[in-house]
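Me: Please take a close look at one strand of this structure and at how its residues are placed. Then set the strand in the context of its chain.

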Amino acid sequence: MIYFDNAATTYPKPLAVVREAERALLDYGANPGRAGHRLSALTSLKVYETREKCASFFGAEAENTVFTLNCTEALNFAIKGVAEKTGFCHMITTDLEHNSVIRPLERLRLQHKIAYSVAKSGDTDDELVKNIGMLIKGSTRLIVMTAGCNVDGRITPTKKIVELAKKYGICLIVDMAQASGILPLTLKDGINIICAPGHKGLYGPMGTGILCTDGKYPLSSLMEGGTGSQSLDINQPSFLPDMLESGTINTSGVIALAKGIDFVHSKGIDNIRTHENMLCDLFINKLSDRNNITIYRSKSLSYLPVVAFNLKGEDSSYVAQYLSDRGIYLRAGFHCNFLAHKKLGTGTGGALRFAPSVFNTRNDVLKLITIISDFKH
Amino acid sequence: MKNFIIMKSSTQAMRAQHIAKSMKINVLYTKRTDKSGCHFGLETDYDPDRLCRMLSLHGIECTRIVRKGDKG
């Protein structure tokens, strides 16, 4: 089996992550931040250690680092939290966004809580920055955008958008679903809120997500409940992380995530990106001169190690099934991102997505290339 | 009973413990309950006022000090 669906979730996980999840279930079985007994305190300490690691990874304070179930939940907390605190306002996003960004925005619009505009990403970074700039108006309070598109891997010029947001005093939320563990972006770059999954480029278990904020733009809770703090108050605590961490967190997942971050540090983000880009380049170079393959990349842009492609005249899901039958797993379809597919011209049939991880090898890619080359409908 | 420094959350208490231990101050992350609710904080024999001042330099706010002998 060769797994190239790492943009959905990385697999396999490092053995240290698997072992730590097991150890957490065996040894840290109490509820963190609830009781005062030793096992709860020990579990709280392990959760805190992971919080510190995540905070350090994204340039945040530990208290401003919230554990969520996934990146989608973090984005919902961030977008809707800003909307509720701000009141009716205008928000801007781009045509590269996953449904985890566009759907919360659309729901808020339908509830008459916000208006929003979608900036066209165009063909260059400058075009995207210019298009976002043109959409800013007096009532704009939020820009929410991906650091890198989950369909074709296009990297957005985050640092230029930071300058724009700062100039106009607008909150900037960056969706790092695909970029965490690949691009070294942190709050120290001027981003106000980072939302990231634990289970992709950070190699943690599924069911883990992270929201980091610089605290400049207050959020509000979307879900209320037990936090272990201010228990006699009928109101949800107004401070982080408690405000956004109602109910028991995915303790074993969170504790194991620390080992995923250790793994990324041990490999080095630059080395991971270089390795995965090398695999993408190999894939593209071997297939790009074939007439029956379309690869959705532009020489004027930068990309994460994700490649969208199609076999001309073939249904992407059929090809994915063909590859699956031969032991190669990658994802076809629309990847929960109709905007990006529409822009790529794959809005009717979707595309295949090649997404290697640090565990994939050149031989894995060469096997995929051979099977694609021999493809017969 | 030792002095008990109340923090606003379990996370802050954990962070405070981490900082105090890095300064070789003997503290223990603890939960106590009184009529105002459940509280996470640090038990310590160290001067609580001084520790709170040191923690405040790290952005940690001590909500309240329950001194040794106080009923809380």
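Reply: A residue is called buried if 20 or more other C-beta atoms lie within 10 Å of its own, exposed if 12 or fewer do, and partly exposed in between, with C-beta atoms placed from the backbone. Helices (H or I, at least four residues) and strands (E, at least two) are DSSP runs, numbered from the N terminus. The model is predicted: local features need pLDDT of at least 70, and side-chain atom pairs count only at pLDDT 80 or more, while totals for chains, interfaces and linings use all residues. Residues are numbered from 1 along each chain as its sequence is written, and chains are lettered from A and ligands numbered from 1 in the order in which they are written.

The strand chosen is S8 of chain A, residues 209-213, and five of its five residues are buried. Gly209(A), Leu211(A) and Thr213(A) lie on one side and Ile210(A) and Cys212(A) on the other, so that both faces of S8(A) are covered.

Its partners come next; two strands pair if DSSP finds at least two bridges between them. Strand S2 of chain A (residues 65-68) is antiparallel to S8(A), with four bridges, and Thr68(A) has Gly209(A) as its bridge partner. Strand S7 of chain A (residues 193-197) also runs antiparallel to S8(A), joined by five bridges. In that pairing, Ile194(A) is matched with Cys212(A).

For the wider setting, an automatic or database domain assignment divides chain A into domain 1 (2-11 + 268-373) and domain 2 (15-266). The C-alpha centres of these two domains are 27 Å apart. Counting two residues as in contact if their C-beta atoms, placed from the backbone, lie within 7 Å, 27 residues of domain 1 touch 28 residues of domain 2. Helix H8 (269-287), strand S10 (307-311) and helix H10 (338-344) of chain A each give two or more residues to the domain 1 side, and H10(A) gives the most, with five. That side consists of 15 nonpolar, eight polar and four charged residues, where Ala, Val, Leu, Ile, Met, Phe, Trp, Tyr, Cys and Pro count as nonpolar, Asp, Glu, Lys and Arg as charged, and the others, Gly among them, as polar.

Another covered element of chain A is helix H7, residues 251-267. Of its 17 residues, 13 are buried, so H7(A) is largely enclosed by the rest of the structure. H7(A) reaches 25 Å from its first C-alpha to its last, close to the 24 Å expected; the expected span is 1.5 Å times one less than the number of residues. Gly268(A) follows H7(A) and has a positive phi, near 95°.

Chain A also holds an open, antiparallel sheet of four strands in the order S9-S10-S13-S12. Its edge strands, S9 (293-295) and S12 (331-333), each pair on one side only. Neighbouring strands are turned by 30° against each other on average, direction ignored; axes are lines fitted to C-alpha atoms, for helices over the stretch in contact, and angles run from 0 to 180 degrees between N-to-C directions. Three bridges hold S10(A) antiparallel to S13(A), residues 351-354, with Ala308(A) opposite Arg353(A). Helix H9 of chain A (residues 316-325) packs on this sheet, touching S10, S12 and S13, and makes about 160° with the direction of S12(A).

Finally, 18 residues of chain A are in contact with 13 residues of chain B. On the chain A side, eight are nonpolar, seven polar and three charged.
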